[in-house]
Amino acid sequence: MNATTITVPQADPGAGYRAHKEEIDAAALRALGSGWYILGKEGEAFEREYAAWQGQKRAVGCANGTDALALTLRGMGIGPGCTVVTVSHTAVATVAAIEMTGATPLLVDIDPDTFTMDPDELVAVLDDPPPGLPPIRAIIPVHLYGQACDLDPMLAACKAHGVQVIEDCSQAHGATLTGRKVGTMGDAACFSLYPTKNLGALGDGGVLTTDDEALADRIGAIRQYGWKERYISDGVGVNSRLDEIQAAILRVKLNYLDAGNARRQAIAAAYDEALAGTRYAAPARREGSGHVFHQYVLRVPERAALMARLRAEGVATAIHYPSPVHLQPAYRGRTPLGPAGCAETARAAAEVMSLPMFPELTDAQVGHVCTVLRGL
């Protein structure tokens, strides 16, 4: 096979549009014909429907997932003079959102099997914070690749220290932990609606959920200049709004989210079976976790060689993420780390790679990937 020919893409956000084209086109035209394009009926309906799907009292739409995190922090009164704990093995957006508020990020290490926040190190920094940092006011555990963090010990530790928990669910729409949906266990949850997410818009978008009605009201004001009354800013706010066309599209796609997650799980099961008997291990599953496979991630010491071999067979791969946040030029040397120095994070970043994963992969495409995997 020609090494430049890819027959199985790693991701294809356009496939989600093509699969539901008639409904999405009709929804977009409905929004266009309404003559109301910002914070209107489509956005209100999406917020109601998403909150109901998530099992929370309130949802607040915004411009993107980064803003969802920053708005939530601001709504909690977290900013300058506060430290927020998160991980370095994440999209840079998680850390960027903390700095957008003026707060200080503190990056702790990950569990090497699931790539999510190490609860033991979190407990260590809560019990004995690194010197010279402002008080820890919140944590942002990231439910990465579609799998829940080991959240229960984190929740207990944060409750003991009076620390807020904001779940970053941007890669885990619908994931569960011991039967509970992620995003329902902390004080609030934030979701990116970027086109490649399990629930993705056809542009940028974000949403946050909470059972705290007062918090939702504060965030709703902050996202539009701090307005409670139009043109009158009761507090300092920003402009971060989910537009009506994207909200209408998301309402359609929300109807297919559970089925899409089930398809991702079926693809993952096929990959698991294909890898059995090879020298490559399937992704670890946390006991009691319902993984929704935003990504299907292998850990491979000889990553470059394997990616080249798969590409030669027409199978595209990707790296999520090639560099930890704390080693990127904008953050290197200035971002506080936990006592482990993010050693496991650095090791993982050199070895992770993602196989093709999106619900619209055809059976033939999945079969081709499996055939290639069996031959490794």
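**Exercise 1.** How many salt bridges does the rule find across the interface of domain 1 and domain 2?

*Solution.* The model is predicted, so local features require pLDDT of at least 70 and side-chain atom pairs count only at pLDDT 80 or more, while totals for chains, interfaces and linings use all residues. Residues are numbered from 1 along each chain as its sequence is written, and side-chain values use heavy atoms, without hydrogens and water.

Step 1. Set the bounds: domain 1 covers 14-251 and domain 2 covers 256-375, as given by an automatic or database domain assignment.

Step 2. Apply the rule: a salt bridge is a side-chain nitrogen of Lys or Arg within 4 Å of a carboxyl oxygen of Asp or Glu. Across the interface of domain 1 and domain 2, this yields 1 salt bridge.

Step 3. Examine arginine 334 and glutamate 99, whose side chains form a salt bridge at 2.8 Å, N to O.

**Exercise 2.** Describe the contact between the two domains.

*Solution.* Step 1. The C-alpha centres of domain 1 and domain 2 are 23 Å apart. Contact (heavy atoms within 4.5 Å) joins 49 residues of domain 1 to 40 residues of domain 2.

Step 2. The buried area, meaning the accessible area (1.4 Å probe) that two parts lose on being put together, summed over both, is about 3700 Å² between domain 1 and domain 2. Carbon and sulfur atoms give 56% of this area. On the side of domain 1, Tyr145, Gln147 and Asn198 lose the most area to domain 2, together 18% of what that side buries.

**Exercise 3.** Which residues are linked with Arg30 in a network of salt bridges, and is glutamate 42 buried or exposed?

*Solution.* Step 1. The network links Arg30 with Glu42, Glu49 and Arg251.

Step 2. Within it, the closest N and O atoms of arginine 30 and glutamate 42 are 2.6 Å apart. Arginine 30 belongs to helix α2 (residues 21-34) and glutamate 42 to helix α3 (residues 41-54), 12 residues apart; helices are DSSP runs (H or I, at least four residues), numbered from the N terminus.

Step 3. Classify by relative accessible area: buried is under 20%, exposed over 50%, and partly exposed in between (1.4 Å probe, protein chains only). Glutamate 42, at 9%, is therefore buried, whereas arginine 30, at 41%, is partly exposed.

**Exercise 4.** Characterise the salt bridge of aspartate 363 with arginine 263.

*Solution.* Step 1. The closest N and O atoms of this pair lie 3.1 Å apart.

Step 2. Aspartate 363 is exposed at 61%; arginine 263 is partly exposed at 23%.

Technical notes. Helix = DSSP H or I, 4+ residues; strand = E, 2+ residues; numbered from the N terminus.
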